[in-house]
Amino acid sequence: MKFQKGQSVVEFALVLPLFLVLCFGIFYMGMIFADYMTLSNIARSSAREASMVVVSTDVDSHYQKVRDKYADTKLPLDAFEWKKAKFDIVYNKTNQNVTVTINAPLNDKGKGFAHIFYKLIKQTGNDIILKITYTM
């Protein structure tokens with residue numbers, strides 16, 4: 001009977017780290033999803049703006065203006081590097097579609113958990129690049 005008094009403290013000490021890892025994992029994945037949604041919104045908005053070119057000779061300068069408009073966008077967690085992202089806008093004359101492709105690499109200098117996540121991924125030898133393609 002006297003050994004049962006410390007049982008709840010031992011159980012708490014065993015369960016607390018697992019619970020915290022679960023909570024922080026959920027929080028972090030939510031923030032990564034927020035970064036993904038921000039980049040997805042940029043791709044969708046830039047595809048819409050790029051598809052509204054009237055004169056075909058002005059396409060390249062218009063596409064550059066669209067890229068410049070989103071150049072200073074801040075991501076919520078900064079888990080992906082927007083400054084180093086490959087941001088392509090391509091017009092397909094055959095089907096008259098504009099395709100926007102964003103390839104954003106994982107940020108090695110991210111804030112807090114982003115930096116820890118990067119270190120864990122780098123140990124596996126894999127590079128993570130978020131690829132978003134939007135066609136309009």
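**Group meeting: from the core to the surface patch**

Let's start with Ile102, which touches Leu39, Ile42, Ala43, Trp82, Ala85, Lys86, Phe87, Leu130, Lys131 and Ile132, leaving aside residues up to four places away in sequence. Before I go on, please keep in mind that this is a predicted model.

So where does Ile102 sit? The largest nonpolar core has 28 residues, and Ile102 is among those that touch the most other members, along with Leu39, Phe80, Trp82, Ile89 and Val100. Two or more residues of this core come from each of these elements: H1, helix H2 (59-69), strand E1 (86-92), strand E2 (97-105), helix H3 (113-123) and strand E3 (129-135). H1 gives the largest share, seven residues.

Now look at two of the residues that Ile102 touches, Trp82 and Phe87. There are two aromatic pairs in the structure, and Trp82 with Phe87 is a tilted one, at 5.6 Å centre to centre and 50° between the planes. Are these two rings' residues buried or exposed? Trp82 counts as buried because its relative accessibility is 8%, and Phe87 counts as buried because its value is 11%.

Let's turn to the surface. A nonpolar patch there is formed by Val10, Phe12, Leu14, Val15, Leu16, Phe19, Leu20, Phe24 and Phe27, and together they have about 900 Å² of accessible area. Take Leu14 as an example: you'll find this residue in helix H1, residues 7-50. Leu14 is exposed because its relative accessible area is 60%, and the cut-off for exposed is over 50%. So H1 carries Leu14 of the surface patch and also gives seven residues to the core.

Notes:
Residues are numbered from 1 along each chain as its sequence is written. This is a predicted model: local features need pLDDT of at least 70, side-chain atom pairs count only at pLDDT 80 or more; totals for chains, interfaces and linings use all residues. Side-chain values use heavy atoms; hydrogens and water are left out. Patches are made of residues with over 30% relative accessible area and no salt bridge: like charges are joined within 9 Å, nonpolar side chains (Val, Leu, Ile, Met, Phe, Trp, Tyr) within 5 Å. Accessible areas come from the Shrake-Rupley method with a 1.4 Å probe; for residues, only the protein chains shown count as cover. A salt bridge is a side-chain nitrogen of Lys or Arg within 4 Å of a carboxyl oxygen of Asp or Glu. Helices (H or I, at least four residues) and strands (E, at least two) are DSSP runs, numbered from the N terminus. Buried means under 20% relative accessible area, exposed over 50%, partly exposed in between (1.4 Å probe, protein chains only). A nonpolar core is a set of buried Ala, Val, Leu, Ile, Met, Phe, Trp, Tyr and Cys residues joined through side-chain atoms within 4.5 Å. Contact means heavy atoms within 4.5 Å. Rings of Phe, Tyr and Trp (its six-membered ring) pair if their centres lie within 6.5 Å; planes under 30 degrees apart count as stacked, over 60 as edge-to-face and the rest as tilted.
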